[in-house]
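Please walk me through this structure, one region at a time. I am new to it and would like short, plain explanations.

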Amino acid sequence: MQIQSDLREHLAADPRRYSAVLLDIDGTLLAAGRAIANAALLVEGLRRNRIPFVLLTNDGNHSPEEKAAGLRRAGVPVLPREIVSCSEANKDYVRERRIRGAQVFVMGDLGVPCHARRAGLRPTRRLAELDRCAGIIVGEAHYEWESVINGVINSLMRNPRRFMLVPNPDSYWPSDRPNEVAIGAGGVARLIQTILREYGITYEPVYLGKPNPAIYRRALRHLLERHAIAGPIRSSRVLAVGDNLRSDILGGNRMGFTTALVLTGVTAAHHLDQPGHGRDVRPVLVFKHL
């Protein structure tokens, strides 16, 4: 597979090539809270050439306001309205299921402001109220894992028909400490699912973030509304950019987007030739740099 040099040069060569660009954040624009080389220039170029874009993140425990603030601190000029978080896809779930106003039990953080409240739900973190909740949302960080996970498992054994929304499907994500990881919401959800299965209960969480379609549908709706684009965007004219084969590239390929891998994060060039990587995780384009 041919590896090109700079994503910015590819976009500047023909600004009308794509109707929209979806940009990953962590590993693509940021690494350990610092801007990756040319991240600010890439965003500024999209604006200058009037290419509609949105930043997509599987970071479910930071709101767009918090995420944008982190990008600005790193020197990447981004506004909250230019970010779509995996947690925001819960708005569509609430609307489709007609559960606005329902009480939900939240494990961990969902950002400030809280995504559950923004979607019209009533979040609680009180274990005593768990059995009275319509469903569960799996956030990340800052909760007492043993008591909360035990409480959720036993509550779902009593009522397995309740939904469990998992904004971030990732099993883990890179820690701020070198060569360490932190357990993601997806890893917690699959632990709960496995224990329920061994107990004899088949249970399917609802995953919202990449590579699942919910976050992409939310992003496309956001683009249409924000840029006043008439009609649907042809999928092949959407460029989905990211550093992760199993989330950014897999999700973009499933949606029929033109996928672009940047070798700025978790994926290195030699990973592309490893056995077991099927067509569904092969990017259309590969770039060394932004």
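What follows is a short tour, from a cavity to two helices and a few single residues.

This is a predicted model. Begin inside it. The structure holds one cavity of 30 Å³ or more. About 50 Å³ of space lies in this largest cavity. Its lining is made by L22, L23, D24, L56, K210, Y216, A240, V241, G242 and D248. Two elements give two or more residues each to that lining: β2 (20-24) and β14 (238-242). By character, the lining residues divide into six nonpolar, one polar and three charged.

One of the lining residues is Y216, and it leads to the next feature. A search of the whole structure finds three aromatic pairs. A pair of aromatic rings is described by the distance of the centres and the angle of the planes. For Y216 and F257, the ring centres are 5.8 Å apart and the planes stand at 70°. Planes over 60 degrees apart count as edge-to-face, so this pair is edge-to-face. Y216 lies in helix α8 (residues 213-226), while F257 sits in the loop between α9 (245-254) and β15 (258-262). The pair therefore ties together parts that are 41 residues apart in sequence. Are these two residues buried or exposed? Y216 has a relative accessible area of 1%, so it is buried. F257 is buried as well, with a relative accessible area of 6%.

Return now to β2. The loop between β2 and β3 holds I25. I25 is buried, with a relative accessible area of 0%. Which residues does I25 touch, not counting those up to four places away in sequence? They are L30, L55, L56, T57, K67, L71 and I83. Among them, L56 also lines the cavity. I25 and N58 are 33 residues apart in sequence, yet their C-alpha atoms are 8.8 Å apart in space.

Two of the contacts of I25, K67 and L71, belong to the buried residues of helix α3 (residues 64-73). The buried residues of α3 are P64, K67, A68, G70 and L71. Seen down the axis of α3, these residues fall within an arc of 160°, so they line one face of the helix. What covers them? The cover includes β3 (30-31), β5 (53-57), β6 (83-85) and α5 (115-118). Just after α3 comes G75, which takes a positive phi of about 95°.

Helix α4 (residues 90-97) is the next stop. In α4, N90, D92, Y93 and V94 are buried. Where do they pack? The buried residues of α4 pack against α5, β10 (163-166), β13 (206-207) and α8. Recall that α8 is the helix that holds Y216. After α4 comes R98, whose phi is positive, near 55°.

The last stop is A119. This residue lies in the loop between α5 and β8 (122-124). A119 has a relative accessible area of 5%, so it is buried. Leaving aside neighbours within four places in sequence, A119 is in contact with N90, K91, V94 and R100. Among these, N90 and V94 are buried residues of α4. A separation along the chain goes with a wide one in space for A119 and A269: they are 150 residues apart along the chain, and their C-alpha atoms are separated by 40 Å.

How values were computed
Residues are numbered from 1 along each chain as its sequence is written. This is a predicted model: local features need pLDDT of at least 70, side-chain atom pairs count only at pLDDT 80 or more; totals for chains, interfaces and linings use all residues. Side-chain values use heavy atoms; hydrogens and water are left out. On a 1 Å grid over the protein atoms alone, a cavity is a set of points where a 1.4 Å probe fits but cannot get out, and a pocket is an open set with protein on both sides within 12 Å along at least five of seven lines; lining residues have an atom within 4 Å of a point. Grid points are joined across faces, edges and corners, and a volume is the space filled by probe spheres set on the points. Helices (H or I, at least four residues) and strands (E, at least two) are DSSP runs, numbered from the N terminus. Ala, Val, Leu, Ile, Met, Phe, Trp, Tyr, Cys and Pro count as nonpolar, Asp, Glu, Lys and Arg as charged, and the others, Gly among them, as polar. Buried means under 20% relative accessible area, exposed over 50%, partly exposed in between (1.4 Å probe, protein chains only). The arc is that of the directions from the helix axis to the C-beta atoms. Contact means heavy atoms within 4.5 Å. Rings of Phe, Tyr and Trp (its six-membered ring) pair if their centres lie within 6.5 Å; planes under 30 degrees apart count as stacked, over 60 as edge-to-face and the rest as tilted.
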